[in-house]
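The exercises below invite you to read a structure step by step, beginning with a single residue and ending with packed helices. Please try each task before you turn to its solution.

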Amino acid sequence: MKKLITIVMAIFMVATASAEEIKEGVHYEVIATTTTATPEVKEFFSYYCPHCHNFEPLADSLKKAAKTDNFKFVKSHVDFLPAAGPDIQMMLTKALVTSEVLNVPAASKAIFEYIHNQRGVFTKEKDIRDLFLIHNVDGEKFDKAFNSFAVKAAANKMKKEQDSLSRRRVLTGVPTFIVNGKYKILNSGFKNAKTYDEYFAQIQAAAIELTKKK
């Protein structure tokens with residue numbers, strides 16, 4: 001227990017130091033002139049991206065931190081990886097939105113596991129549906145949500161924002177974290193971290209600090 005407390009305190013100290021010392025051009029870059037109406041951290045990711053899979057602990061931590069630090073944490077799925085056609089990737093974007101609408105985060109996690117650990121391949125909507133059924137989602141509820149106007153609209157909105165940021169050369173890879181719609185986290189600015197825990201703690205601290213900037 002004492003060792004665990006020491007580790008947690010060390011990560012906290014690293015995170016605090018990082019938050020106080022973040023520098024433009026090193027840890028983040030400004031990509032817009034205005035901020036979002038409310039503070040947010042948005043992660044652009046792909047289920048097909050192994051780095052995004054590795055970054056899931058950071059995403060989970062940011063989601064928890066959002067509740068106490070008064071910001072929104074949003075995940076936005078992209079469709080430009082060569083691992084699958086854009087139609088399949090758009091189906092997975094809808095799957096992400098569906099998991100949020102039905103409040104089944106485990107289904108979203110399972111997509112990552114299916115691709116990276118089980119080496120599974122998504123070829124049609126039924127593959128996604130079956131995965132939701134495994135996680136105790138009623139088939140009729142899945143069909144209604146997945147094919148709803150709201151889910152399609154949210155998925156199309158993600159696609160539209162992705163295309164806009166890609167044209168501006170802001171979104172060139174994943175995972176990419178953008179804070180308040182104005183600040184892009186430069187993951188490379190935290191390479192001094194000695195462990196993944198330190199790395200994620202520093203990025204999270206920087207992201208939270210940036211939610212307070214205008």
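**Exercise 1. Decide whether R119 is buried or exposed, and describe its backbone.**

Solution. R119 has a relative accessible area of 64%, so it counts as exposed, where buried means under 20% relative accessible area, exposed over 50% and partly exposed in between, with a 1.4 Å probe and protein chains only. The model is predicted, so local features need pLDDT of at least 70 and side-chain atom pairs count only at pLDDT 80 or more, while totals for chains, interfaces and linings use all residues. Residues are numbered from 1 along each chain as its sequence is written, and side-chain values use heavy atoms, with hydrogens and water left out. R119 lies in the loop between α5 (105-116) and α6 (125-134), where helices (H or I, at least four residues) and strands (E, at least two) are DSSP runs, numbered from the N terminus. The phi of R119 is near 55°, a positive value in a residue other than glycine.

**Exercise 2. Find where N136 lies and what its phi is.**

Solution. N136 is found in the loop between α6 and α7 (139-146). Its phi is positive, about 65°, although N136 is not a glycine. Most residues other than glycine have a negative phi, and most peptide bonds are trans. With 75% relative accessibility, N136 counts as exposed.

**Exercise 3. Place F55 and list what F55 touches.**

Solution. Begin with the location: F55 is in the loop between α2 (50-54) and α3 (56-69). Next, its relative accessibility is 6%, so F55 counts as buried. Leaving out residues up to four places away in sequence, F55 touches E43, P175, F177, N187, Y199, F200 and I203, contact meaning heavy atoms within 4.5 Å. One of these, P175, lies in the loop between α8 and β4, and the peptide bond from V174 to P175 is cis, with omega near 0°.

**Exercise 4. Work out the order of the strands in the sheet, and the surroundings of β2.**

Solution. Five strands form an open sheet in the order β1-β5-β4-β2-β3, with mixed pairing; two strands pair if DSSP finds at least two bridges between them. The edge strands are β1 (28-30) and β3, each of which pairs on one side only. Strand β2 (residues 40-45) runs parallel to β3 (residues 72-77), joined by six bridges, and E40 has K72 as its bridge partner in β3. On the β4 (residues 176-179) side, four bridges join β2 in an antiparallel arrangement, with V41 opposite V179. Finally, six of the six residues of β2 are buried, so the strand is largely enclosed by the rest of the structure.

**Exercise 5. Describe how α4 packs against α8.**

Solution. Two packed helices are described by the angle between their axes and the distance between the axes. The axes of α4 (residues 86-101) and α8 (residues 149-167) come within 9 Å and cross at roughly 125°, where axes are lines fitted to C-alpha atoms, for helices over the stretch in contact, and angles run from 0 to 180 degrees between N-to-C directions. That makes α4 oblique to α8, since angles under 35 degrees count as roughly parallel, over 145 as roughly antiparallel, 65 to 115 as roughly perpendicular and the rest as oblique. Among the residues that meet are M90, L96 and V101 in α4, and V151, A155 and M158 in α8.
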